[in-house]
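Q: Could we go through this structure together? I would like to begin with the overall picture and then turn to individual residues.

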Amino acid sequence: MRICLVSPGPEMPQLAGAVERLAELLAGAHEVALVEPPAELSQEAAALTFCSEQHRRSAGVMEAIRAHYGSEGPDYLEFGDSTSLGFVPLQARLSGDPLLAQTQIAVRACPSSELQALHDEVLSHPKHWLRAELERWQLAQADRLVWPGGDVLGLYRRYYDGIELPPDTCIGVLPPEPPPLVPALSRSSGDPLRILFLGELRRSRGALDLLEACLSLSDDEWELTMAGADTETATMGQSVLATLEGMADEDPRVHLCGPPTAAELADRLAAADLVAVPSRVEAWSEEGVTALQAGLPLLATPVGGMVELVEEGVAGWLSEDIGPAPLAAALERLLGDRGEVERVRGAGGIASRVERLADPEPILAAYRELEAVPRRPLPAPAPAQAPLVTGIVPYYGASKFVAEAVGSLLAQTHRELEVLIVNDGSFAAADSVLAELECIPRVTVVTQSNAGEAAARNLGTTLARGEYVVLVDADNMLEPRFVERALEAYRAEPELAYVTSWLRMIDENGDEMPPEHGYAPLGNGVVESDERNWDGDMLAMFPRRLFTELGFCHGPGGSMHADWELYRWLRQEGRFGAVIPERLARYRIRPESLLRGHGEELLEWGWNESRNRNYARRVRWIATSHE
């Protein structure tokens, strides 16, 4: 099987290490490629405006996959859900890209950054919420959910109950190389219970919960060492380390340290009686596995993979729940029975657990089963009779540019195409260019009294003869393969409401506009919020029946955000579009363009009007659906 594993890169070293170990293991039986986001995007992609850094990095992953595989993608592609790196590859497949047409795409529960942000209590921040929406979309679009064991699948089913999760496969995580063994320090019965916390000092990792639990203990015979990198996930985005220092108030039993080196890690493990994994959410704890490899038991919360990793009384103990109070209760029990700690350390159960974790055969067997899964079916073949497509060009006073717009339609590689120019009551001398264009075969010009661009689009969709319509404003252009690629998307997913693409922004002279001269929309099925338009531009292809049979239309006249209003209307009724993640259209920015010719206050006013109309439409739709 040809396997492609996507690594998050050096920004997430533990996850990257796990992916590298998996790649090395699978390479003995499969053709494996390990891909990570490139440091720099191609010149084409670098010029785009992405919704987030994760979106940008996902575009880099798609470029790396294309560069490695050429025209035929892997049989199996796997990426972690905490990075959104699979977003653009999934977007490409949904839009009919043949590279990944037959690739089984899997998302691995890490856990998601949404779950981490939820337990860091920062999910409502726009940055985290947008990232969460990309993760949700890729989870819904993936072919398979890979989870490491324990309660991880149950957690995802409970939390993501609004998403139809893909079929799942349980595949464990190959542990890292064990740390150097250092003889445990000799201890006497009067020594304190030495507790070690390893990993990021993060609210979702339970760092604050653990210290609060220790400080509340009635037994003073304990010491806590917390060794890890600081994060700004305490209350109000403050430093967790600074918060821990304030909580400890120079308590001599509390030792706060930075991330340990390999030698320091060995020393800290040798000095500890147990390692605490007090996470509020966790898929798999590499620190916990490292502790078991060193012969130390774990005290963990009953979350995610910890339920499987920690066998009660064999490899450690589970608290009753997350939070300071359950952790304190578990510690009180251990302080009251110090012999229990020594019993677990010396009984051999930890070594047996480590041996099972290090066994590669269950992982290899799981991928053998995935190899037996049939490849995705190819999209429907192109029909013998190519569908007619109508390019609709609403026109008012754009005499300088309309010939380019029409020319870009006539130059499409898909030849079954007609052009319908709708003149919205423009009768200046320069508008005689329309008469010249009408002399070209396949071009028709119709004229209406001036009623606005929305009305011109609506008239065009009414008069069009094509099965599909492509909307191109008179000052914009399509790249030659836009229509061909959009039709491929419809063959891959016939129910798509629209197909658009990444845009290349150009100025009045047709030159690209630096520095970020492009727009990478997400489609209307991704972002729920209405703070910005990430749904796409009206440079798009639609099934004509959407307007002639299903009752959708453009408008109202004068709206500065008619494209977004239509896409939100479609979303409300469960109709979603696709974005081709390639720059296949050119969007011209002119000084008199709506986005340039009005101040921010007026643009915000128009945006709010659009939001209000969509809200009113949704209220009417809900009322009608309940009649």
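A: Certainly. The chain contains 24 helices and 21 strands. Please keep in mind that this is a predicted model.

Q: What does the C-alpha trace span along its principal axes?
A: The C-alpha trace of the chain spans about 100 × 55 × 50 Å along those axes.

Q: And what share of the residues counts as buried?
A: Of the 627 residues in the chain, 56% count as buried.

Q: How much of the contact total comes from residues 24 or more positions apart?
A: Such pairs account for 77% of the contacts in the chain with a separation of 6 or more.

Q: Let us move to salt bridges. How many are there in the whole structure?
A: A search of the whole structure gives 41 salt bridges. As background, side chains of opposite charge can pair when their charged atoms come close.

Q: Which residue does Glu-31 pair with?
A: Glu-31 forms a salt bridge with Arg-2, and their closest N and O atoms are 3.8 Å apart. The pair links distant parts of the chain, with Glu-31 in strand β2 (residues 31–35) and Arg-2 in strand β1 (residues 2–6), 29 residues apart.

Q: Are those two buried or exposed?
A: Neither label applies: Glu-31 is partly exposed at a relative accessible area of 48%, and Arg-2 is partly exposed at 21%. Arg-2 is not counted as buried because that label requires a value under 20%.

Q: What about Arg-280, which acidic side chain does it meet?
A: The side chain of Arg-280 meets that of Glu-121 in a salt bridge, at 3.3 Å from N to O. These residues are 159 positions apart and link distant parts of the chain: Arg-280 is in the loop between β10 (274–277) and α11 (286–293), while Glu-121 is in the loop between α5 (113–120) and α6 (126–141).

Q: How accessible is each partner there?
A: Arg-280 is buried, with a relative accessible area of 19%, whereas Glu-121 is exposed, with 52%.

Q: Where does Asp-273 fit in, and what is its salt-bridge partner?
A: Asp-273 forms a salt bridge with Arg-345, with an N to O distance of 3.9 Å. Asp-273 lies in the loop between α10 (262–271) and β10, and Arg-345 lies in helix α14 (residues 338–346), so the pair ties together parts that are 72 residues apart in sequence. Asp-273 is buried at 0% relative accessibility, whereas Arg-345 is partly exposed at 23%.

Q: Which residues are joined into one network by salt bridges that share partners?
A: That network consists of Glu-479, Arg-504, Glu-512, Arg-583 and Arg-586.

Q: Changing topic to helix packing: how do α11 and α15 cross?
A: The axes of α11 and helix α15 (residues 349–357) come within 9 Å and cross at roughly 125°. That angle makes α11 oblique to α15. The crossing of α11 past α15 is left-handed.

Q: Which side of the contact does each residue belong to?
A: Val-289, Leu-292 and Gln-293 contribute from α11, and Ile-350, Arg-353, Val-354 and Leu-357 contribute from α15.

Q: And what is the angle between α1 and α16?
A: Helix α1 (residues 13–26) packs against helix α16 (residues 361–371) at an angle of about 75°, with the axes 11 Å apart. The two helices are therefore roughly perpendicular. Leu-22, Leu-25 and Leu-26 of α1 make the contact with Ile-363, Leu-364 and Tyr-367 of α16.

Q: Now for a loop residue. Where is Leu-100, and is it buried or exposed?
A: Leu-100 lies in the loop between α4 (87–94) and β4 (104–108). This residue is buried, with a relative accessible area of 0%.

Q: What is Leu-100 in contact with, its sequence neighbours within four places aside?
A: Its contacts are Met-62, Ile-65, Pro-74, Pro-89, Arg-93 and Ile-105.

Q: How far is Leu-100 from Tyr-160?
A: Their C-alpha atoms are separated by 26 Å, and the two residues are 60 apart along the chain.

Q: One last residue: where is Asp-251, and what does its side chain contact?
A: Asp-251 is placed in the loop between α9 (240–248) and β9 (254–257). A polar contact of 2.8 Å joins its side chain to that of Arg-253. Asp-251 counts as buried, at 16% relative accessibility.

Terms used
Residues are numbered from 1 along each chain as its sequence is written. This is a predicted model: local features need pLDDT of at least 70, side-chain atom pairs count only at pLDDT 80 or more; totals for chains, interfaces and linings use all residues. Side-chain values use heavy atoms; hydrogens and water are left out. Helices (H or I, at least four residues) and strands (E, at least two) are DSSP runs, numbered from the N terminus. Buried means under 20% relative accessible area, exposed over 50%, partly exposed in between (1.4 Å probe, protein chains only). Contact means heavy atoms within 4.5 Å. A polar contact is a pair of N or O atoms within 3.5 Å; within protein, one must be able to donate a hydrogen and the other to accept it, and residues adjacent in sequence count only if both atoms are side-chain atoms. A salt bridge is a side-chain nitrogen of Lys or Arg within 4 Å of a carboxyl oxygen of Asp or Glu. Axes are lines fitted to C-alpha atoms, for helices over the stretch in contact, and angles run from 0 to 180 degrees between N-to-C directions. Angles under 35 degrees count as roughly parallel, over 145 as roughly antiparallel, 65 to 115 as roughly perpendicular and the rest as oblique. A crossing is left-handed if the near helix is turned anticlockwise from the far one by less than a right angle, and right-handed if clockwise.
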